[in-house]
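Reader: I am new to protein models, and I would like to learn how to read one, feature by feature.

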Amino acid sequence: MAKIVVFGASGKAGRQIAAAAEARGHEVTRIGRDPGVRAEVAAGHDIAVSAVVDLSRDPAEFYAEVSRALVESGAGRIIVIGIYTLMETAPGVRVIDTPDFPAEFKPFCLGHAAGVDVLAASDADWLVMSPAGNFGGTPTGRYRLSAVDPSDELTYEDFALAVADEIDRPAHQRTQIGVASA
């Protein structure tokens with residue numbers, strides 16, 4: 001079984017992801033309330049999962065710092081919990097790039113993008129997993145990979161299954177995928 005560190009394990013997504021990994025027999029280190037990611041904590045782990053947020057900081061600085069720490073940790077695989085607004089609606093066009101995207105949400109979304117840029121510039125084995133729409137609904141115990149669709153719902157429980165499956169059977173690398181409850 002894998003040795004996994006989950007940053008943000010006290011949050012809604014992180015808590016469910018840690019529990020799903022533990023239920024499958026993985027050794028999980030849970031890092032809770034501290035919203036940052038420290039490379040020395042992730043060092044020695046096979047997989048580092050980041051489900052962190054710090055709304056008190058500049059999003060671009062925060063998410064770039066998180067990604068740099070994940071890369072520097074040397075963890076064998078990095079899984080970052082992302083947001084659907086960075087997914088493409090057409091080749092080269094992300095949700096955030098559409099003309100009607102609300103300006104007040106751009107800094108947070110571009111902050112996430114800065115973190116993805118750091119990952120993409122590295123040699124690390126990384127994956128960004130995002131809800132294809134919004135969190136909500138009733139757990140089904142199933143999920144599907146999906147293109148972006150803001151009307152799709154994804155429960156934290158179903159999302160955790162998708163992340164755990166990617167931990168157990170890595171199928172995607174160096175990309176972002178969307179997940180919805182099935």
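Author: What follows is a talk about a helix, its aromatic neighbours and one strand residue.

Author: This is a predicted model, in which local features need pLDDT of at least 70, side-chain atom pairs count only at pLDDT 80 or more, and totals for chains, interfaces and linings use all residues. Residues are numbered from 1 along each chain as its sequence is written, and side-chain values use heavy atoms, with hydrogens and water left out.

Reader: What span should helix α3 have, and how far apart are its end C-alpha atoms?

Author: Helices (H or I, at least four residues) and strands (E, at least two) are DSSP runs, numbered from the N terminus, and the expected span of a helix is 1.5 Å times one less than its number of residues. Helix α3 has 15 residues, 59-73, so it should span 21 Å, and its end C-alpha atoms are 21 Å apart, which agrees.

Reader: What lies at the ends of α3?

Author: At the N-terminal end, D58 acts as a cap, with a side-chain oxygen 3.2 Å from the backbone nitrogen of A60, a polar contact being a pair of N or O atoms within 3.5 Å, where within protein one must be able to donate a hydrogen and the other to accept it, and residues adjacent in sequence count only if both atoms are side-chain atoms. After α3 comes G74, whose phi is positive, near 80°.

Reader: Which residues of α3 are buried?

Author: An α-helix has 3.6 residues a turn, so residues three or four places apart point the same way. Buried means under 20% relative accessible area, exposed over 50%, and partly exposed in between (1.4 Å probe, protein chains only); the buried residues of α3 include F62, Y63, V66 and L70.

Reader: How many aromatic pairs are there?

Author: A pair of aromatic rings is described by the distance of the centres and the angle of the planes. Rings of Phe, Tyr and Trp (its six-membered ring) pair if their centres lie within 6.5 Å, with planes under 30 degrees apart counted as stacked, over 60 as edge-to-face and the rest as tilted; the count here is four pairs. The rings of Y63 and F108 have centres 6.0 Å apart and planes at 80°, so this pair is edge-to-face. Because Y63 lies in helix α3 and F108 in helix α4, the pair ties together parts that are 45 residues apart in sequence.

Reader: Where is I81, and what does I81 contact?

Author: I81 is in strand β4. Contact means heavy atoms within 4.5 Å, and, leaving aside neighbours within four places in sequence, the contacts of I81 include V49, H112 and F159.
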